[in-house]
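Work through the exercises below with the model open. Each task is followed by its solution.

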Amino acid sequence: LPKKHSGSDFTIFSEMTALAQKHDAVNLSQGFPDYEIDERLKKFLAEGTEKNFNQYAPMSGNPLLIENLMEFNQRRKIEVSKENITVSPGATYGIYTALASVISFGDEVIVLEPNYDSYVPAIEMNGGKPVFVSLNEIFEVNFDALQKAITEKTKAIMINSPHNPSGKIWTKNDWEKLSRILENTEIILISDEVYDVLTYDDQEFFSAFHHPKLSERCFSIFSFGKMFHLTGWKVGYVLASEELSLAYRRVHQYLSFSVNAPAQYALAKYLEVFDVKENIKTMQNKRDFFLHQIQDLPFTLNEKAEAGYFQILDFSNISDLSDKDFAIWLTEKAKVATIPVSAFYHDQKNTGKVRFCFAKKEETILKAVENLKAFL
Ligand code: PMP
Ligand code: GLN
């Protein structure tokens, strides 16, 4: 059978979660919370089925959800109408569909590495060619290198801010630099912004959609999975100009057509009570709790995560193993599972770093740290 992409047969997230289960290790690898979702979400979901939101939702999304997303975005100064919003079955699907709707065979798509693992397969499955530009040691963009990577075949650029695995946030200035580079081109942005409401230490989140010029040429992709801590619901949404939304919906209507109806009802209701500040506070406390607990361990912390679910730590003081082998060893022996950062590079080169998910209960973090202390 044809293999349509250069990605793995099993993603690193499935692989490490399976290994954690096999060895009964604390799973800080795949990014999912182990704490309860807000009780109100459960109630709204039940209400969705009771109110008979059990048949196909409209193709672009439940009208109340669209309405509430318009308001939610307006509050953070992103002005969008219903023509700009399409609800998606998760961000992975949103990224794939955005790519499928704009790229043709042979088009080049620039990917900033390290990058989330679905980008390259999604580009390749649609006939595109990934062109890699490395972020620097502290995950900042080298805009000169980015400019040099652009050719007449460049159709799109993939951006991810806040960034997985590093938690780095694009500043207003970064977006401005990108805008200047793209000025006389037709290049489209696919901007993965799933950690938008998880930015710490009073850092501001800037969407590509905040930028007046970039918003005309971008897809900004969001996930309720990360926003409301329910990764299993697999619902997200995509913001795009009217023209790009039309292109997106042309594909979407033949891929999944629409998205889980009772979940959309519940998400719409929850948006009415969702408190972004509270969400940030809770998650920043989790990051700080994790950092406090690991401070006596022999890992090196180069930079605190600015956002998201993850903290990268350097283990080169502990071992000479490759990061993949180290992550396996740590799971099997210390009973703590992490993600090797090499998994976010196309050549899987060793980085000497692993990624820990801190979106966990305190007791889970404590157990992981106890295991590490006993072993390292
Ligand atoms: N992009 C990034 C950067 C992610 O970390 C994830 C995982 N939440 C996704 C996309 C996929 O999101 P979803 O589960 O909504 O498909
Ligand atoms: N986004 C999650 C992470 O980075 C994984 C999602 C998945 O398992 N595909 O850990």
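**Exercise 1: overall size**

Compare the radius of gyration of the protein chain with the value for a compact globule.

Solution. With 376 residues, a compact globule would have a radius of gyration near 21 Å, and the protein chain has 20 Å, so the two agree. The radius is taken over C-alpha atoms, and the globule rule is 2.2 Å times the number of residues to the power 0.38. Along the principal axes, the C-alpha atoms fill a box of roughly 55 × 55 × 50 Å. This is a predicted model, in which local features need pLDDT of at least 70 and side-chain atom pairs count only at pLDDT 80 or more, while totals for chains, interfaces and linings use all residues. Residues are numbered from 1 along each chain as its sequence is written, and chains are lettered from A and ligands numbered from 1 in the order in which they are written.

**Exercise 2: domains**

State how the protein chain is divided and describe the contact.

Solution. Domain 1 is 12-30 + 276-375 and domain 2 is 39-271, with bounds from an automatic or database domain assignment. Their C-alpha centres lie 26 Å apart. The contact (C-beta atoms, placed from the backbone, within 7 Å) takes 22 residues from each of domain 1 and domain 2. On the side of domain 1 that touches domain 2, α11 gives the most, with 6 residues.

**Exercise 3: ligand 2**

Which residues surround ligand 2?

Solution. The residues are T11, F13, Q30, G31 and N164, each with its C-beta atom, placed from the backbone, within 6 Å of the ligand.

Note on methods. Contact = placed C-beta atoms within 7 Å. Helix = DSSP H or I, 4+ residues; strand = E, 2+ residues; numbered from the N terminus.
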